[in-house]
Amino acid sequence: MEKADNSIIRIAVLVSGNGTNLQAIIDAQAKDSLGPCVVKLVISDNPEARALRRAREAGIPVKVVEKKQGMSREVFDALLREEIVREKIDLIVLAGFMRVLGEKFVREFKGRMMNIHPALLPGFKGTSAIEDAFNYGVKVTGVTVHFVDEGVDSGPIIAQREVRIEKSDTIGTLEEKIHRTEHELYPEAIRYFAEGKLKIEGRKVKVISKK
Ligand code: GRF
């Protein structure tokens with residue numbers, strides 16, 4: 001992937017729904033706490049996603065790439081890729097993007113695509129992680145930001161933050177706590193990437209300190 005500028009990391013955020021994580025990223029950028037990067041593009045596979053409104057309100061260009069009935073994953077991935085390459089994107093940020101991307105796409109953007117998951121991986125993978133952790137009865141759950149690999153919720157872990165489940169918690173209050181934590185952790189992880197502080201060594205991601 002060709003890099004457009006040596007200093008500013010160009011980000012595409014991929015969304016499907018509400019977009020509260022996108023909002024946290026937009027807010028961090030507005031407060032100058034996202035590091036040397038800029039959100040250049042928001043892509044949604046869902047034309048109704050509230051996230052699209054958030055992007056438009058922030059003046060960020062949006063694209064809808066729908067997986068129409070009968071469309072293969074390869075064709076869908078190729079349409080996504082086109083948008084990403086056209087904007088010379090350096091980092092793809094999955095923020096509630098509800099589609100699994102194919103191996104070819106994942107391989108091309110390895111080390112340049114991250115995801116956020118609402119549990120402490122490798123525990124409670126999948127799409128109902130908050131509820132699953134709550135129902136399992138764990139006392140501590142949390143949030144994970146990881147690079148995306150060919151598996152589901154399985155890539156090298158960049159950052160994790162715990163969230164305690166108190167006796168008084170309900171699924172609703174736990175969801176709120178998890179989302180609050182996500183909104184802190186994701187912009188931090190993106191900033192580390194933008195500052196060149198993340199070094200992948202096999203399964204591990206080292207956060208190196210740089211002056
Ligand atoms: C978040 O809980 C994230 O961890 C998961 O999907 C949810 C997206 O929420 N991958 P939002 O659309 O950012 O509000």
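**Two pockets and a ligand**

In the second largest pocket, the lining divides into two nonpolar, one polar and seven charged residues. That pocket belongs to a predicted model, and there's a roomier spot to look at too: the largest pocket, with about 870 Å³ of space. The ligand takes up the space of that largest pocket. Here's a quick tour, starting with the second largest pocket.

**The second largest pocket**

- Its volume comes to about 190 Å³.
- Two helices, α3 (73-86) and α4 (103-108), are the elements that give two or more residues to this lining.
- The largest share comes from α3, which puts in five residues.
- If you'd like to pick the lining out by eye, look for R73, E74, D77, A78 and R81, then G102, E103, K104, F105 and E108.

**The largest pocket**

- The largest pocket holds about 870 Å³ of space, and 37 residues line it.
- Want to find the middle? Of those lining residues, G96, F97, M98, N115 and I116 are the closest to the centre.
- Four elements each supply at least two residues of the lining: α1 (20-30), β5 (113-117), α5 (129-136) and α6 (171-194).
- By class, this lining has 13 nonpolar, 17 polar and seven charged residues.

**The ligand and its neighbours**

- Which pocket does the ligand take up? The ligand sits in the largest one.
- α1, β5 and α6 are the elements that give two or more residues to the shell around the ligand.
- Around the ligand you'll find N18, G19, T20 and N21, along with G96, then I116, H117 and P118, and finally H179 and E182.
- Sorted by class, that shell has two nonpolar, seven polar and one charged residues.
- G96 and I116 turn up in this shell, and both are also among the residues closest to the centre of the largest pocket.

**Contacts with the ligand**

- From its backbone, G19 places an N or O atom 2.8 Å from an oxygen atom of the ligand.
- I116 also uses a backbone N or O atom, which lies 3.0 Å from a nitrogen atom of the ligand.
- With E182, it's the side chain that takes part: one of its N or O atoms is 2.2 Å from an oxygen atom of the ligand.
- How much of the ligand does the protein bury? On its own the ligand exposes 370 Å², and the protein buries 82% of that.

Conventions
Residues numbered from 1 in each chain as written. Predicted model: local features only at pLDDT ≥ 70, side-chain atom pairs only at ≥ 80, totals over all residues. Heavy atoms only, no water. 1 Å grid on protein atoms, 1.4 Å probe; cavity = no way out; pocket = protein on both sides within 12 Å on 5 of 7 lines; lining within 4 Å. Points joined across faces, edges and corners; volume = space filled by probe spheres on them. Nonpolar A, V, L, I, M, F, W, Y, C, P; charged D, E, K, R; others polar. Near = heavy atom within 4 Å. Polar contact = N/O pair within 3.5 Å; in protein donor to acceptor, adjacent residues only side chain to side chain. Areas by Shrake-Rupley, 256 points an atom, 1.4 Å probe, with all protein chains shown as cover. Sits in = over half its atoms within 2 Å of the grid points.
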